[in-house]
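Student: I am new to this structure and would like to be led through it slowly, with each term explained when it is used.

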Amino acid sequence: MSTIDLTVGAEREPFVDKPLTITDFVRYQGASGDMNPIHHDSSFAARAGYPTPFAVGMLQAGVLGTYATDWLGAENVRRFKVQFREQAWPGDVLTYSGRIAAVRDEGGERLVDVELACTRQTGGTHLLGWATFVAPN
Amino acid sequence: MDTSLEGRTGEPFTMVVEAGKIREFARATKSQNDAYDGGPHGAPISPTTFLMSSAFWQGPESSPLAGVKLNWERILHGEQEFRFIGAPPRAGDVLTGQSRIDKVFEKAGKRGGTMTFVEQVTDFHNATGELVAELRSTMIETSKATTEG
C-alpha cells in the first residue's frame, strides 16, 4: 500500500460516479432490505407527488462510506456519520470527496478525522459526512 | 411523536454476518475494496453502512416504535451514524441487536412549523457479549408535508 498523506487539509481524489439509475436504487434496496417503492415505482412516486422515483439516501451514504474506507482502510473505520441534505434523482452525476480534518491521539491510538461530501452536478449538497479512522500504518 | 416515546425499546434480534451478503452490499455501494471480498486475508469485513441490512433479521417487534401510529409522509431521515468499537464486524460473526428511542426533542423549523427530532439507537453485541457497534438514526417529523428527504 502506498503511503497515505495524513496532512490536515490533504484531499482524496474525488470519485465522480456514473449517472444515477433506478437500477442502482433497486440493487441497493435488495442488498439492504429497504424496499420502499418511492425509490423504484414510478406510479407510486407520482401518486406521492414526485416527478420520478428519487434516490435512496442510504445508497449514496454507503458509497461515501466505501469511498472513505477505500482511502483509509476498511478495518480502520471507527465512526461514520452522514447528514442528508437535498435529494438526488435519476440521472444525477454525483461527486464524492474527502479531506483530512484532524489527526489526534486518544486512548493510545492515533486517530484521523475526515470531512466528506457528496455533491450534485448542480453544485447542491446531497450529503455531508464525517468519519474517524485509526491511522493506517 | 413526542417525548413519551423516549426509553421505549424493541425486542432483541440475532443477526448473522454473511460473506455473500457482504459481497452483495459492497457491490451495491460501488466499493473497490478487497477487504469486503475476503480471500487470503481472512473472513470478509463488513462495509461501513452494512448493518443497515440488519432489517432482514428484524421483525415488527424489533422496532421500539412498534404499535405507534406515525405520519410517514412527514418523516425524514435526517442523519445516520455508525460507531464501531474496534474493527467493523466480519463474516461469521453472530450479533445481537437491540433498538431504543434515545432522545426526542423539538426545534422550530426555518420555514415555520415545528420539527420533532427522534434519535433511535441500535446496539450490537457479539457472541461474548461485548458491544461492537452502535447505530444512531435521526428521524425528523415535520408539522407539514415536505418535499425533502
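The questions below go through chain B, the contact between the chains, and then parts of chain A.

Tutor: This is a predicted model, in which local features need pLDDT of at least 70, side-chain atom pairs count only at pLDDT 80 or more, and totals for chains, interfaces and linings use all residues. Residues are numbered from 1 along each chain as its sequence is written, while chains are lettered from A and ligands numbered from 1 in the order in which they are written.

Student: Which pattern does chain B follow along the sequence?

Tutor: Helices (H or I, at least four residues) and strands (E, at least two) are DSSP runs, numbered from the N terminus. Chain B has one helix and five strands. Read along the sequence, these follow the pattern β-α-β-β-β-β.

Student: Is Thr116(B) buried, exposed or partly exposed?

Tutor: A residue is buried if 20 or more other C-beta atoms, placed from the backbone, lie within 10 Å of its own, exposed if 12 or fewer, and partly exposed in between. Thr116(B) lies in strand β4 (residues 114–125) of chain B. Because 19 other C-beta atoms lie within 10 Å of its own, Thr116(B) is partly exposed.

Student: How many residues does each chain bring to the contact?

Tutor: Two residues are in contact if their C-beta atoms, placed from the backbone, lie within 7 Å. By this rule, the contact takes 29 residues from chain A and 31 residues from chain B.

Student: Which element gives the largest share of the side of chain A that touches chain B?

Tutor: On that side of chain A, α1 (22–32), α3 and β2 (77–84) each supply at least two residues. The largest share, 10 residues, comes from α3(A).

Student: Which strand of chain B is joined to β2(A), and by how many bridges?

Tutor: Two strands pair if DSSP finds at least two bridges between them. In this pairing Gln83(A) stands opposite Glu79(B). The two strands run antiparallel, and β2(A) is joined to strand β2 (residues 75–84) of chain B by five bridges.

Student: Where do the buried residues of α1(A) lie on the helix?

Tutor: The buried residues of α1(A) are Asp24(A), Phe25(A), Tyr28(A), Ala31(A) and Ser32(A). Seen down the axis, they fall within an arc of 130 degrees (taken over the directions from the helix axis to the C-beta atoms), so they line one face of the helix.

Student: What do those buried residues of α1(A) pack against?

Tutor: One partner lies in chain A and another in chain B. The buried residues of α1(A) pack against α3 of chain A together with α1 (19–28) of chain B.

Student: Which helix gives the most to the largest nonpolar core?

Tutor: A nonpolar core is a set of buried Ala, Val, Leu, Ile, Met, Phe, Trp, Tyr and Cys residues joined through C-beta atoms within 7 Å. The largest one has 50 residues, and Leu59(A) and Leu64(A) are among those that touch the most other members. With nine residues, the helix that gives the most to this core is α3 (residues 57–72) of chain A.

Student: Which residue in the turn between β3(A) and β4(A) has a positive phi?

Tutor: Strand β3 (residues 95–106) of chain A is joined by 11 bridges to strand β4 (residues 109–119) of chain A, and the two run antiparallel. They form a hairpin with two residues between them, and the residue in the turn with a positive phi, of about 60 degrees, is Gly107(A).
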